[in-house]
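Visitor: I'd like a walk through this one, from the bench side of things. Can you show me the structure and take my questions as they come?

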Amino acid sequence: MSDCIFCKIVAKEILGETVYEDDQVLAIKDINPQAPVHLLLITKKHITSLNEVSSEDEGLMGHILMLAQKLAQKFGVAESGYRVVTNIGKEGGQAVPHLHFHVLGGKALGVHID
Ligand code: 5GP
Ligand code: ZN
């Protein structure tokens with residue numbers, strides 16, 4: 001989508017700090033990190049949120065979770081622990097309407113929801 005900030009990052013029209021890339025996913029550092037490790041795993045295909053994922057995206061969803069595991073290892077938080085989150089819609093706190101998974105770690109994360 002032409003006006004989507006994450007599509008622009010995927011298209012390299014806006015620079016993101018890339019930590020991993022393949023044909024399906026771009027992983028970047030979050031611009032406003034909430035933890036020492038805060039990565040965003042962004043689907044190259046524009047999907048608005050988990051709500052819009054369909055059965056044809058099953059492989060992509062498995063791929064992105066396996067990548068979360070690999071990047072947690074690479075960034076040194078696999079043993080200490082980390083969190084994988086995707087926010088959905090308004091009350092889910094989704095600010096960017098393009099599917100992405102946060103990988104957060106490097107400190108003890110709070111358990112609060114709001
Ligand atoms: P959401 O609230 O949609 O789940 O998360 C959006 C995330 O994207 C936020 O953590 C925010 O800091 C991050 N973000 C927004 N714009 C940019 C950007 O231009 N570059 C990077 N690297 N991160 C961004
Ligand atoms: Zn997009």
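Guide: Sure, and one term before we start: two strands pair if DSSP finds at least two bridges between them. Keep in mind that this is a predicted model.

Visitor: Let's begin with the hairpin, then. How many residues does the hairpin from E1 to E2 go through?

Guide: E1 and E2 pair in the antiparallel sense, over three bridges. Within that pairing, glutamate 21 has leucine 26 of E2 as its bridge partner. The hairpin that joins E1 to E2 passes through three residues.

Visitor: Glutamate 21 sounds handy. Which residues are linked with Glu21 in a network of salt bridges?

Guide: As background, side chains of opposite charge can pair when their charged atoms come close. Glutamate 21 meets lysine 12 in a salt bridge, at 2.9 Å from N to O. Glutamate 21 also forms a salt bridge with lysine 44, with the closest N and O atoms 2.7 Å apart. That gives a network in which Glu21 is linked with Lys12 and Lys44.

Visitor: How many residues apart in sequence are the parts tied together by glutamate 21 and lysine 44?

Guide: The bridge between glutamate 21 and lysine 44 has its closest N and O atoms at 2.7 Å. Glutamate 21 lies in strand E1, while lysine 44 sits in the loop between strand E3 (37-43) and helix H2 (58-74), so the pair ties together parts that are 23 residues apart in sequence.

Visitor: And lysine 12: what is its phi near?

Guide: Lysine 12 is found in the loop between H1 and E1. Its relative accessible area is 45%, so lysine 12 counts as partly exposed. Phi is positive here, in a residue other than glycine, and is near 65 degrees.

Visitor: Any other salt bridges I should look at? What does glutamate 17 pair with, and how many residues apart are the parts tied together?

Guide: By the rule used here, the count comes to five salt bridges. One of them brings together the side chains of glutamate 17 and lysine 29, at 3.6 Å from N to O. Glutamate 17 lies in the loop between helix H1 (5-10) and strand E1 (18-21) and lysine 29 in strand E2 (residues 25-29), so this pair, glutamate 17 with lysine 29, ties together parts 12 residues apart in sequence.

Visitor: Is lysine 29 buried, partly exposed or exposed?

Guide: Buried means under 20% relative accessible area, and exposed means over 50%. Lysine 29 has 35% relative accessibility, so lysine 29 counts as partly exposed.

Visitor: On to the metal. What geometry does the site of the zinc ion (ligand 2) have?

Guide: The zinc ion (ligand 2) is coordinated by Cys4 (SG), Cys7 (SG), His46 (ND1) and His98 (ND1), at 2.0 to 2.3 Å. For comparison, ideal angles at a metal are 109.5 degrees for four tetrahedral donors. The angles among the four donor atoms of the zinc ion (ligand 2) are 103 to 118 degrees, and the site is tetrahedral.

Visitor: How many residues apart in sequence are the parts that cysteine 4 and histidine 98 tie together?

Guide: The donor residues of the zinc ion (ligand 2) are spaced C-x2-C-x38-H-x51-H in sequence. Cysteine 4 lies in the segment before H1 and histidine 98 in the loop between E4 and E5, so the pair ties together parts that are 94 residues apart.

Visitor: Are cysteine 4 and histidine 98 buried or exposed?

Guide: The cut-off for buried is under 20% relative accessible area. Cysteine 4 has 6%, so cysteine 4 is buried. Histidine 98 has 0% relative accessibility, so histidine 98 also counts as buried.

Visitor: What about strand E5: how many of its six residues are buried?

Guide: E5 runs antiparallel to E3, joined by six bridges, and leucine 41 stands opposite phenylalanine 101 in E5. E4 and E5 pair in the antiparallel sense over four bridges. Both faces of E5 are covered, with His100, His102 and Leu104 on one side and Phe101, Val103 and Gly105 on the other. E5 is largely enclosed by the rest of the structure, because the buried count for its six residues is six.

Visitor: Last stop, the surface. Which residues form a nonpolar patch there?

Guide: Tyrosine 82 is in strand E4 (residues 82-85), and at 32% relative accessibility tyrosine 82 counts as partly exposed. Valine 84 stands opposite valine 103 in E5. With about 240 Å² of accessible area together, the patch is formed by Leu65, Tyr82 and Val84.

Conventions. Residues numbered from 1 in each chain as written. Chains lettered and ligands numbered in written order. Predicted model: local features only at pLDDT ≥ 70, side-chain atom pairs only at ≥ 80, totals over all residues. Heavy atoms only, no water. Patch = residues over 30% accessible without salt bridge, like charges linked within 9 Å, V, L, I, M, F, W, Y side chains within 5 Å. Areas by Shrake-Rupley, 256 points an atom, 1.4 Å probe, with all protein chains shown as cover. Salt bridge = Lys/Arg side-chain N within 4 Å of Asp/Glu carboxyl O. Helix = DSSP H or I, 4+ residues; strand = E, 2+ residues; numbered from the N terminus. Buried < 20%, exposed > 50% of the residue type's maximum accessible area, 1.4 Å probe, protein only. Donors = N, O, S within 2.8 Å, 3.2 Å for Na, K, Ca; no water. Tetrahedral: all angles 85-135°; square planar, octahedral: opposite > 155°, others 65-115°.
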